[in-house]
Amino acid sequence: MKGAAATALSELEREIDAPGAGLDRLRLVPTPFVPEVRLYLAEDAIVWWARMEAEAGHALPAPYWASAWAGGQGLARHLLDHPELAAGRRVLDLASGSGLVAIAAALAGAAHVVANDIDPYAVAAVTINARANRVAVTVTGDDLLDSAGAEADLVLAGDVFYDRAMADRVLPFLQRATAGGAEVLVGDPGRGHLPAGRLAVLADYPVPTTEPSVDSSLRRVQVLRPT
């Protein structure tokens, strides 16, 4: 690991080893809907982010990796309940965040798992979370969305339709992956940018959420496949 991701990894490792407790700390905890997977999460991601920016003296990327987002939890649960989906396959977890879905794929018996996220802190978080769960995950910070396709048998995407710009880039990538022979699974909690009529629902879960600033402690998550 080099550059910004290596720096982020060093920072997160220091955070993990730092004494004390409170809302601005990272803790290794079981994921609410997927307790088989433990993640380093922030008690309050916004408070943690504010402290880290104050210490750094400049803006930092929003720590999406420091919360267990509902779409990823639903997708990870589905993989662990149906391990045949990942077993023995090459898996790509797109916009991996904390690495929850990638780790679930590894626990389900995937032959090789790649977790992808362009945020250096997410790359670092996937690294430490995979280590905590004793699974092998290859992590890349490259932007893959304009690539020709996915070198994978199974492509996983949790919570990727969170805004229009992202949806407009992700959907063509997933379509190219499907055309190239990969199976694609999406986990979505009704973000509002899901392409109507383009995805078939495979499963539906009520998922506890650790997301900041939400009105309910439960989100309905659908696991979907492009049609």
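**Entry 1. Arg134**

Is Arg134 buried or exposed? I looked this up in a model that is predicted. Arg134 is exposed, because its relative accessible area is 80% and the cut-off for exposed is over 50%. I located Arg134 in the loop between α5 (120-132) and β5 (138-140). I also noted its backbone: phi of Arg134 is near 60°, which is a positive value in a residue other than glycine.

**Entry 2. Ala95**

I then turned to Ala95, where phi is near 50°, again a positive value in a residue other than glycine. I found Ala95 in the loop between β3 and α4 (100-107). With a relative accessible area of 25%, Ala95 is partly exposed.

**Entry 3. Asp117**

Which residues is Asp117 in contact with, leaving aside its neighbours within four places in sequence? I listed Ala95, Ser96, Gly97, Ala122, Val123, Thr140 and Gly141. Ala95, from the previous entry, is thus one of the contacts of Asp117. Asp117 itself lies in the loop between β4 (112-116) and α5.

I looked for a charged partner next. Asp117 is buried and yet has no salt bridge. The nearest side chain of opposite charge is that of Arg169, 11 Å away, whereas a salt bridge requires the nitrogen and oxygen atoms to lie within 4 Å. I did find a polar contact to the backbone: the side chain of Asp117 reaches the backbone nitrogen of Asp119 at 3.0 Å.

**Entry 4. Helix α6**

I checked the length of helix α6, which covers residues 164-179. At 1.5 Å a residue, its 16 residues should span 22 Å, and the end C-alpha atoms are 23 Å apart, which agrees.

I looked at both ends of the helix. At the N-terminal end, Asp163 acts as a cap of α6, with a side-chain oxygen 3.3 Å from the backbone nitrogen of Ala165. After the helix comes Gly181, and the phi of Gly181 is positive, near 105°.

Which residues of α6 are buried? I recorded Met166, Ala167, Val170, Leu171, Phe173, Leu174 and Ala177. An α-helix has 3.6 residues a turn, so residues three or four places apart point the same way. I then asked what the buried residues of α6 pack against. They pack against three strands, namely β3 (90-94), β6 (154-158) and β7 (183-188).

**Entry 5. Salt bridges around Arg51**

I found a count of 15 salt bridges in the structure. One of them joins Glu15 and Arg51, with the closest N and O atoms 2.5 Å apart. This pair links distant parts of the chain, since Glu15 belongs to helix α1 and Arg51 to helix α2 (residues 45-56), 36 residues apart. Glu15 counts as buried at 8% relative accessibility, and Arg51 counts as buried at 14%; the cut-off for buried is under 20%.

I noted that Arg51 also meets the side chain of Glu55 in a salt bridge, at 2.9 Å from N to O. Glu55 and Arg51 both lie in helix α2, 4 residues apart, or about one turn of the helix. Glu55 is exposed, with a relative accessible area of 55%. I recorded the wider arrangement as well: Glu15, Asp24, Arg51 and Glu55 are linked in a network of salt bridges.

**Entry 6. Arg27 and Glu43**

I looked up another salt bridge, formed by Arg27 and Glu43, whose closest N and O atoms are 2.5 Å apart. Arg27 lies in strand β1 and Glu43 in the loop between β2 and α2, so the pair ties together parts that are 16 residues apart in sequence. Arg27 counts as partly exposed at 41% relative accessibility, and Glu43 counts as partly exposed, also at 41%.

**Entry 7. Phe33 and Tyr205**

How many aromatic pairs does the structure hold? I found 3 aromatic pairs. In one of them, the ring centres of Phe33 and Tyr205 are 5.8 Å apart and the planes stand at 65°, so the pair is edge-to-face; that class begins over 60 degrees. Phe33 lies in the loop between β1 (26-31) and β2 (34-42) and Tyr205 in strand β8 (residues 199-208), so the pair ties together parts 172 residues apart in sequence. Both Phe33 and Tyr205 are buried.

**Entry 8. Arg14**

Finally, I located Arg14 in helix α1 (residues 3-17). Arg14 is exposed, with a relative accessible area of 54%. From Arg14 to Leu218 I noted 32 Å in space, C-alpha to C-alpha, and 204 residues in sequence.

Note on methods: Residues numbered from 1 in each chain as written. Predicted model: local features only at pLDDT ≥ 70, side-chain atom pairs only at ≥ 80, totals over all residues. Heavy atoms only, no water. Phe/Tyr/Trp six-rings, centres within 6.5 Å; stacked < 30°, edge-to-face > 60°. Helix = DSSP H or I, 4+ residues; strand = E, 2+ residues; numbered from the N terminus. Buried < 20%, exposed > 50% of the residue type's maximum accessible area, 1.4 Å probe, protein only. Expected span 1.5 Å × (residues − 1). Contact = heavy atoms within 4.5 Å. Polar contact = N/O pair within 3.5 Å; in protein donor to acceptor, adjacent residues only side chain to side chain. Lys, Arg positive; Asp, Glu negative; His and termini not counted.
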